[in-house]
2 protein chains.
Amino acid sequence: MTAADAVNAYRHVALVGLGLIASSIAHAARRAGFDGRITGTARSAATRQAALDLGICDAVFPTAAEAVDGADLVILCVPVGAMAQVATEIAPVLAPGATLTDVGSVKARVIEDVAPHLPEGVHFIPGHPIAGTEQSGPGAGFAELFDNRWCLFTPLPDTDADALARLIAFWQALGAKTDVMEPEHHDLVLAVTSHAPHLIAYTMVGVADDMARVTENEVINYSAAGFRDFTRIAASDPTMWRDVFLTNKAATLEILGRFTEELFALQRAIRTGDGQLLHDYFTRTRAIRRGIIDAGQDTAAPDFGRVPKGAAVDGPKR
Amino acid sequence: MTAADAVNAYRHVALVGLGLIASSIAHAARRAGFDGRITGTARSAATRQAALDLGICDAVFPTAAEAVDGADLVILCVPVGAMAQVATEIAPVLAPGATLTDVGSVKARVIEDVAPHLPEGVHFIPGHPIAGTEQSGPGAGFAELFDNRWCLFTPLPDTDADALARLIAFWQALGAKTDVMEPEHHDLVLAVTSHAPHLIAYTMVGVADDMARVTENEVINYSAAGFRDFTRIAASDPTMWRDVFLTNKAATLEILGRFTEELFALQRAIRTGDGQLLHDYFTRTRAIRRGIIDAGQDTAAPDFGRVPKGAAVDGPKR
């Protein structure tokens, strides 16, 4: 099956929410050869207009119910905390046989919030593309966002196998690799690889901003020593991340507990001067980086391949 | 004064330690037009040979005393914990009128470890270029490393003004911006912008590696969601970082204490469902990122401008 066949298995894709992920889906689908209809909705009129102007949607609507009317693939691209409300709005107009999926970073809670509202005959298949940048909004999207990134699905026990296969083929045509797992396991894995690191980055940036004995200029000018990597993560969308933490509470707090325990052990090694423990620990963590590069999930270029000198402030080179 | 004049104010530069920073100094000095002699030393014979083969040094020596003999600029590029030992080795051969500087990430302790050993007439000016990558060794250096980065100096009360001006001009010719501050203040600022973030990143990567319920493959494959940024920092040189924490103990532990306090406040907000607090916090931290980009200390490109797709594993593009 070609990528064009895979995306054209659907004739009308409805995007509920028109941010970075939704707009990247539209760009990637068109790149793959999608020739059907893309409709969309967003709460803000400015966002809807931008999505039209950028050519992301063929038509935009002020309500989700209008946007999904007649769609055979509906993708919920709103913050996790807004899923329940959207589900109640669209449930009455969802067509039998349509596939409903989402891109939320948390899966158990989305299933809990969405599934009860759905009519018989709709294929609800929760999904999560592990991709994104620190930027938000319809203008932030680009067709390559999902290339070589993983998209995870957490189907329900009664999910139709054909509908799942069709959705997986669609995401692979957008460039993604795909996998299937249990919702609770997904939420634990993401707490480790995403949710806890984000909270930690937010915290460290907040501490730096708060240190009265260190000026903001100093924090900014001397950020190249490590801190600036944290600021990228801590520049992510506040609403999306508030919702992630509130809806993946248990797993996030569990990992943060483990993190604090480990941090205290390293702090104690610093206090007592246990250089051997520190050296062994830092040697072990170095190996993980190599695995990520070998798996094609990051660049091997030093410093993420940031361009040195003046070029660094000139923006993206693609 | 041209860059060539500035670097050629010295005729013989001795590099003690031949890693990422030392080799970058050599490359940047040659780029600026340095036509004098560069000698070097490293503990490992393989490193010394690599430095010769790469053209970093005109001559290498097995001991620091031989390498610095006759030099008018000596730059200590060894881990902070090795500075005292090196100072005792080179003190007898340091020429009167020579400038001795270093590139250590900690300043108060380096002054304490080095100054007592020095003979009269040597200008000891502690320095710290805020630049680096996660890679190590003489092959990791490149001429652009210091471009647009800050190099801080923490001169002693009796430092000769001409010697300081000469060293500042040298570093500016390597591409750096320069500033002068008190050693204790330097160590506090760097604890915020570098030392605490590194320990936190090491810790988070260690936790992920330890989670038996999450496989290593999962950690690696799904790292694009935030975690992989931490792995870059946690891939930094273990010896260098062990020494940083052990020699900047008080400031690092202070900042980690502040960090933990703040992390607990955010964990509590998650537990109690205080979405407003989280949203306000994440909105505030977003602003800092903008400041760093405006100051030219990071790229505005999303995701650090990492190249999508296959290109990501092909290495640097310069």
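These legends go with close-up views of the contact between chain A and chain B in a predicted model.

**View 1. How the two copies are related.** Turn chain A by 180 degrees, with 0.0 Å of shift along the axis, and it lands on chain B with an RMSD of 0.0 Å (least-squares fit on C-alpha atoms of residues with pLDDT of at least 70 in both copies). That is the relation of a two-fold axis. As 100% of the interface residues of chain A are also interface residues in chain B, the copies meet through the same surface.

**View 2. The area between the chains.** Chain A puts 115 residues into the contact and chain B 115 residues, with contact meaning heavy atoms within 4.5 Å. About 11,300 Å² is buried between them, and carbon and sulfur atoms give 67% of that (accessible area, 1.4 Å probe, lost on putting the two parts together, summed over both). A:Y222, A:I270 and A:F282 supply 7% of what chain A buries against chain B, more than any other three residues.

**View 3. Charged and polar links.** The interface of chain A and chain B holds 14 salt bridges (a side-chain nitrogen of Lys or Arg within 4 Å of a carboxyl oxygen of Asp or Glu). One of them joins B:D298 to A:R228, at 3.9 Å from N to O.

**View 4. A ring pair across the interface.** Over all chains there are 17 aromatic pairs, meaning Phe, Tyr or Trp rings (six-membered ring for Trp) with centres within 6.5 Å; planes under 30 degrees apart are stacked, over 60 edge-to-face, and the rest tilted. The rings of A:F230 and B:F230 have centres 5.1 Å apart and planes at 45 degrees, so this pair is tilted. The pair crosses between chains, from helix α10 of chain A to helix α10 (residues 227-233) of chain B; helices here are DSSP runs (H or I, at least four residues), numbered from the N terminus along with strands (E, at least two).

**Notes.** Residues count from 1 along each chain as written, and chains are lettered from A and ligands numbered from 1 in the order written. In this predicted model local features need pLDDT of at least 70, side-chain atom pairs need 80 or more, and totals for chains, interfaces and linings use all residues, while side-chain values use heavy atoms, leaving out hydrogens and water.
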